[in-house]
Every structure is written in structure tokens, then in C-alpha cells.
Amino acid sequence: MTRHENLSMGRKAETIYTAAKKNCLICKKRKALSMAQNSVSSFEENIRRNAASKACYVYINGISMPVLSA
């Protein structure tokens, strides 16, 4: 049992349908989180792999943009 789940004496029993629905929602949340983390890590890996040695970053209006020097 998790910390945030409090059992009160008057709590109704969970049916198979509601348990499956709750587990499905938890699974979807975990999958979305995993996909977001994989997306960020793959983006960072792409940046590391394709980094240009002659690039410098320019800060314009609050945005840092890479600029390739000749």
C-alpha cells in the first residue's frame, strides 16, 4: 500500500472493472513519462553527436541560438 492511499473504515470494495481502469490509467501515465524522458535523452544524444566545433551561441531576446562561424 502506498503512503498517499488512506483506507477508511467505510470504504467500498474495489470491483474488477474499477481496479483495471485505475491500473490502465497508471500504466498510461508511466508510458507517457517514459516516452518524454526518452525523447529528451535522444535529443540530448543527437546534440552531442552532431555538435559543430565551430559553433558559438548568441543570446537574442532571451533565446540562445547556435551560429556557425566560417
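This passage walks through the fold, the hairpin and the nonpolar surface patch of a predicted model.

Starting with the overall layout, the chain carries 1 helix and 2 strands. Read from the N terminus, these elements come in the order α-β-β. There is not much of an interior to talk about: of the 70 residues, just 1% count as buried. The accessible surface adds up to about 7000 Å², and carbon and sulfur atoms account for 61% of that area.

The two strands go together. β1 covers residues 55-60 and β2 covers residues 63-68. They run antiparallel and are joined by 6 bridges. Together β1 and β2 make a hairpin, with 2 residues between the strands. One residue of that turn, N61, has a positive phi of about 50°. On either side of the turn, I60 is paired with I63, its bridge partner in β2.

The hairpin is also where the nonpolar patch turns up. Five names make up this piece of surface, namely V58, I60, I63, M65 and V67, and the patch comes to about 390 Å². Both strands chip in, each with at least two residues. β2 gives the most, with 3 residues. The bridge partners I60 and I63 are both members of the patch, so the pairing of the strands and the patch meet at these two residues.

Two patch members are worth a closer look. V58 sits in strand β1, while M65 has its place in strand β2. How exposed is V58? With a relative accessible area of 31%, V58 is partly exposed; a patch residue needs over 30%, so V58 clears that cut-off. For M65 the relative accessible area is 41%, which makes M65 partly exposed as well, because that class runs between 20% and 50%.

M65 also shows how the strands meet through contacts. Leaving aside residues up to four places away in sequence, M65 touches C56, Y57 and V58. The contact with V58 thus links two members of the nonpolar patch. As for A55, the C-alpha atoms of M65 and A55 are separated by 9.9 Å, with the two residues 10 places apart along the chain.

Pulling the hairpin together: antiparallel strands β1 and β2 share 6 bridges, and residues from both of them build the nonpolar patch.

How values were computed. Residues are numbered from 1 along each chain as its sequence is written. This is a predicted model: local features need pLDDT of at least 70, side-chain atom pairs count only at pLDDT 80 or more; totals for chains, interfaces and linings use all residues. Side-chain values use heavy atoms; hydrogens and water are left out. Patches are made of residues with over 30% relative accessible area and no salt bridge: like charges are joined within 9 Å, nonpolar side chains (Val, Leu, Ile, Met, Phe, Trp, Tyr) within 5 Å. Accessible areas come from the Shrake-Rupley method with a 1.4 Å probe; for residues, only the protein chains shown count as cover. A salt bridge is a side-chain nitrogen of Lys or Arg within 4 Å of a carboxyl oxygen of Asp or Glu. Helices (H or I, at least four residues) and strands (E, at least two) are DSSP runs, numbered from the N terminus. Buried means under 20% relative accessible area, exposed over 50%, partly exposed in between (1.4 Å probe, protein chains only). Two strands pair if DSSP finds at least two bridges between them. Contact means heavy atoms within 4.5 Å.
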